[in-house]
Amino acid sequence: MAVPAAAMGPSALGQSGQGSMAPWCSVSSGPSRYVLGMQELFRGHSKTREFPAHSAKVHSVAWSCDGRRLASGSFDKTASVFLLEKDRLVKENNYRGHGDSVDQLCWHPSNPDLFVTASGDKTIRIWDVRTTKCIATVNTKGENINICWSPDGQTIAVGNKDDVVTFIDAKTHRSKAEEQFKFEVNEISWNNDNNMFFLTNGNGCINILSYPELKPVQSINAHPSNCICIKFDPMGKYFATGSADALVSLWDVDELVCVRCFSRLDWPVRTLSFSHDGKMLASASEDHFIDIAEVETGDKLWEVQCESPTFTVAWHPKRPLLAFACDDKDGKYDSSREAGTVKLFGLPNDP
């Protein structure tokens, strides 16, 4: 049975061997000009700010395609939307209606006003930020844990805890296809060309289906253990997968071969995000930092310090700003109360 990455604790995944290296890992000599330039930028923009978003754990953050808004989904059954104003997030609205946790959300790939939420209440909801209303509620067969919108904007795919992926027409809001898989489906994604559909699974494999035919194309043995998350870079050159073995592997989209791996995390990799230029990759886990790597070399570019496990990271679509959310507790009053904050790294340091 699939488990949302945000729900996976140390007991669910186990700690990997310290500093494990895959045979295809390579070490480069000396930082590139890009790394040096970005490190210089982050030295002056290394501030992280917190913004109150929810009354419980935040499972998912995502930017609208124009970068003006950030949405977050939470265990408190709501979604929140913030406007990015200069160097801060200003809360615009809270979206209520789901009867259970909002485990994942995503925006329409080209319409900055629409986003969709997946919930354990066996529905997905499409929201319009102009009217602040739910424009569609689509019933599904199970408790939904992952969701993605096709690059052409026409289809929404949603996966549930019973490893069923449903493909929903984004205009008619009706199911177009449904696939029951015999393995644990963790995260789902189209490639940038919209003609392949990728799934990561509990056996450490990446399964690739043709789209829209949904015929199996290939199954890649990517990791020795549970393959948790997958992300495509905006340039269409690479995709990355994160695993319970604490490794991130980078794959050539055309050749479907692993070109390098990143091994600085010690815990299962829950979340990944490529920067807008495709040159940086952020990865996070229960380690108390977010690793930012240069994609082309695998070199460490920066690390963002956190006080607790990180469930979700998302680079801004135009700027080197990273939104993320952790399993923070509101220690000021009650050490067991979840803080429900959204964080933004890459802000200018105070003068």
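Q: Buried means under 20% relative accessible area, exposed over 50%, and partly exposed in between (1.4 Å probe, protein chains only); is R260 buried or exposed?
A: This is a predicted model, in which local features need pLDDT of at least 70 and side-chain atom pairs count only at pLDDT 80 or more, while totals for chains, interfaces and linings use all residues. Residues are numbered from 1 along each chain as its sequence is written, and side-chain values use heavy atoms, with hydrogens and water left out. R260 has a relative accessible area of 12%, and the limit for buried is under 20%. R260 is therefore buried.

Q: In which strand is R260, and how far is its C-alpha atom from that of V295?
A: Strands (E, at least two residues) and helices (H or I, at least four) are DSSP runs, numbered from the N terminus. R260 belongs to β21, which covers residues 258-262. V295 is 35 residues away along the chain, and the two C-alpha atoms are separated by 8.8 Å.

Q: Which strands stand at the edges of the open sheet β14-β15-β16-β17?
A: The four strands follow one another in that order, with antiparallel pairing (two strands pair if DSSP finds at least two bridges between them). An edge strand has a single partner, so one of its sides is left without a neighbour in the sheet. The edge strands are β14 (185-190) and β17 (216-221).

Q: Which residue of β17 is the bridge partner of N207?
A: β16 (residues 205-210) and β17 are antiparallel and share five bridges. Strands of a sheet pair through backbone hydrogen bonds. The partner of N207 in β17 is S219.

Q: How many residues of strand β10 are buried, and which residue of β11 is opposite W149?
A: Six of the six residues of β10 (residues 144-149) are buried, so this strand is largely enclosed by the rest of the structure. β10 and β11 (residues 155-160) run antiparallel and are joined by five bridges. They form a hairpin with five residues between them, and G153 in the turn has a positive phi of about 80°. The residue opposite W149 is I156.

Q: Which element supplies the largest share of the largest nonpolar core?
A: A nonpolar core is a set of buried Ala, Val, Leu, Ile, Met, Phe, Trp, Tyr and Cys residues joined through side-chain atoms within 4.5 Å. The largest one has 19 residues, and among those that touch the most other members are F42, M280 and F345. At least two residues each come from α2 (33-44), β23 (280-284), β24 (289-294), β25 (300-305), β26 (310-315) and β27 (322-326). The largest share, four residues, is from α2.

Q: Which residues of helix α2 are in contact with M280?
A: Contact means heavy atoms within 4.5 Å, and neighbours of M280 within four places in sequence are left aside. Its contacts include L301, W315 and P320. Helix α2 spans 33-44, and the contacts of M280 in that range are Y34, M38 and F42.

Q: What is the angle between the ring planes of F42 and F345?
A: Rings of Phe, Tyr and Trp (its six-membered ring) pair if their centres lie within 6.5 Å; planes under 30 degrees apart count as stacked, over 60 as edge-to-face and the rest as tilted. F42 in α2 and F345 in β28 (residues 341-347) are 303 residues apart, and both are buried. Their ring centres are 5.1 Å apart and the pair is tilted, with the planes at 50°.
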